[in-house]
Number of protein chains: 2
Amino acid sequence: MRLSILIYDGFTTLDAIGGYEVLARLPGMETEFVAAQRGIVAADTRRLGLAAFRDFSELKSTDILYVPGGPGGLALEKDEAFLDTIRRLDKTSTWTVGICNGVGLLAAAGLLKGREATTNWFYQDRLRAWGTEFVAERYHRDGKYITGAGVSASIDTGLFLTSLIAGEQVAKTLQLGIEYYPAPPFPEQGPEDVAIEIQERVRGFEAEGGKRQLAQEPAFKGMFEVARATA
Amino acid sequence: MRLSILIYDGFTTLDAIGGYEVLARLPGMETEFVAAQRGIVAADTRRLGLAAFRDFSELKSTDILYVPGGPGGLALEKDEAFLDTIRRLDKTSTWTVGICNGVGLLAAAGLLKGREATTNWFYQDRLRAWGTEFVAERYHRDGKYITGAGVSASIDTGLFLTSLIAGEQVAKTLQLGIEYYPAPPFPEQGPEDVAIEIQERVRGFEAEGGKRQLAQEPAFKGMFEVARATA
């Protein structure tokens with residue numbers, strides 16, 4: 001079984017790695033990191049680079065199409081070449097996964113029309129524009145479409161998908177493998193549980209901070225061949 | 001403030017990325033991925049490569065020394081050059097962090113003698129050999145030494161350290177930023193809560209599976225300059 005994680009300039013690393021760390025451990029899984037071009041893809045912080053070792057043209061089909069979010073994903077909602085790649089791979093995928101605003105990329109590609117999905121906390125209202133109903137869940141399944149809430153929800157989503165693919169015993173084995181028995185230091189149970197001033201600070205960052213981040217050069221520019229997801 | 005995440009051939013990605021995704025978002029944090037050599041460092045799965053854009057010799061000091069675990073870390077317990085780097089950077093660090101069997105690397109470097117620490121579930125018994133007392137916690141502080149349990153515990157640990165550095169309000173802001181309100185699909189609360197046959201399967205993998213993984217060539221060999229942590 002093949003897992004293809006699509007990465008792009010300005011993705012959020014944990015969106016990708018949470019699901020990867022579970023799904024790539026499934027026996028027989030062939031995992032690949034894929035981008036528009038081969039090269040080092042810079043994450044949103046510009047301080048982390050991940051190797052994309054296949055490009056979109058090399059990828060004829062896959063079993064699990066996995067699209068993370070991140071501030072760089074917002075521009076891709078209008079990138080027809082990127083959306084075409086998603087549409088093409090989705091045609092024959094067994095599962096199509098979106099995390100955080102990566103769900104918006106699936107929606108922008110037209111894959112979630114008339115479907116239910118979850119996404120991150122500040123992106124919820126945008127799903128409706130693509131004819132998708134938001135459901136407030138950590139992860140959600142609608143047919144072959146598996147969607148996850150923000151960033152760290154990629155772990156829960158990966159474990160859920162593992163249980164669908166390989167059963168509960170295997171999923172619990174991988175859960176122990178990554179010791180996912182979380183104990184966050186603060187008792188808040190969800191975004192709505194957080195003080196309003198903190199909610200506003202995060203909304204402010206999501207609106208502006210992502211652009212500021214992406215305006216910075218990657219720390220490793222000039223050392224590695226840095227791939228850009230957009231032409 | 002500088003955060004230096006040490007990576008090496010065969011590290012476990014989520015050990016590094018869970019803490020990174022929190023700490024690198026702290027305003028003013030200068031984050032770097034550092035290895036024995038500059039280059040692409042292959043994770044344990046051999047399907048993921050991370051760019052180390054500084055090498056140990058370039059790193060004169062740091063504020064947060066962060067050492068993840070992974071099957072590749074076991075060999076480094078006897079790598080005096082690697083341990084010397086940890087000792088050297090620890091001398092002036094404000095915080096020294098170990099996750100999973102990365103805690104064993106701090107211990108092997110002699111930094112945790114007479115101290116308390118947590119580590120991953122299957123590594124617990126090994127800490128005693130270095131004069132370190134294991135405490136069964138998700139994360140633990142002993143002076144400037146912050147230790148975390150296995151793999152995904154890096155997130156909880158990163159949030160805890162953030163609260164020490166910048167206070168609870170900032171930590172809660174970052175918690176919302178990565179939406180860390182976990183809801184794992186299975187109700188188990190810890191390793192001991194998992195069925196014995198699953199525990200045995202994971203112990204078997206930890207004993208042998210890591211070696212099998214590391215014997216594989218990285219999928220991206222020949223495409224990128226792959227760095228090896230050991231000489």
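**Odd phi values**

I started with V151(A), which sits in the loop between β11 and α5 (153-166) of chain A. This is a predicted model, so I treat every value here as computed. V151(A) has a positive phi of about 40° although it is not a glycine. Most residues other than glycine have a negative phi, so I made a note of it. I then looked up its exposure: V151(A) counts as buried because its relative accessibility is 4%, and the cut-off is under 20%.

R46(A) went on the list too, with phi near 65°, again positive in a residue other than glycine. I found R46(A) in the loop between β3 (39-42) and β4 (49-52) of chain A. Buried or exposed, I wondered about R46(A)? Its relative accessibility is 0%, so R46(A) counts as buried.

**The sheet in chain A**

Next I traced the strands. Chain A has an open, mixed sheet of seven strands, and I read the order as β5-β2-β1-β6-β7-β11-β10. The edges are β5 (54-55) and β10 (139-142), each paired on one side only. Further in, I followed β6 (residues 64-67) and β7 (residues 95-99) of chain A, which run parallel and share four bridges. There I noted L65(A) opposite T96(A) of β7(A).

What lies across these strands? I see helix α3 (residues 80-92) of chain A crossing β1 (2-6), β6, β7 and β11 (145-148), at about 150° to β6(A).

**Two copies**

I checked how chain B maps onto chain A: a rotation of 180° with 0.0 Å of shift along the axis does it, at RMSD 0.0 Å. The copies are thus related as by a two-fold rotation axis. Which residue of chain B comes closest to that axis? I get L50(B), with its C-alpha at 2.4 Å. I also compared the interfaces: 100% of chain B's interface residues are interface residues in chain A as well, so the copies meet through the same surface.

**Rings**

I count 12 aromatic pairs over all chains. One I looked at is F53(A) with F220(B): centres 5.7 Å apart and planes at 50°, so the pair is tilted. F53(A) is in the loop between β4 and β5 of chain A, F220(B) in the loop between α7 (196-215) and β12 (226-227) of chain B, so this pair joins two chains. F220(B) also pairs edge-to-face with F224(B), at 6.4 Å between centres and 65° between planes. Both F220(B) and F224(B) are buried.

Elsewhere I found Y8(A), F56(A) and F82(A) linked into a cluster by ring pairs. Last, R203(A) lies over the face of W121(A), 4.2 Å from the ring centre.

Definitions and conventions:
Residues are numbered from 1 along each chain as its sequence is written. Chains are lettered from A and ligands numbered from 1 in the order in which they are written. This is a predicted model: local features need pLDDT of at least 70, side-chain atom pairs count only at pLDDT 80 or more; totals for chains, interfaces and linings use all residues. Side-chain values use heavy atoms; hydrogens and water are left out. Two strands pair if DSSP finds at least two bridges between them. Contact means heavy atoms within 4.5 Å. Axes are lines fitted to C-alpha atoms, for helices over the stretch in contact, and angles run from 0 to 180 degrees between N-to-C directions. Buried means under 20% relative accessible area, exposed over 50%, partly exposed in between (1.4 Å probe, protein chains only). Copies are superposed by least squares on the C-alpha atoms of residues with pLDDT of at least 70 in both. Rings of Phe, Tyr and Trp (its six-membered ring) pair if their centres lie within 6.5 Å; planes under 30 degrees apart count as stacked, over 60 as edge-to-face and the rest as tilted. A charge sits over a ring if NZ of Lys or CZ of Arg is within 6 Å of the ring centre and within 35 degrees of the ring normal.
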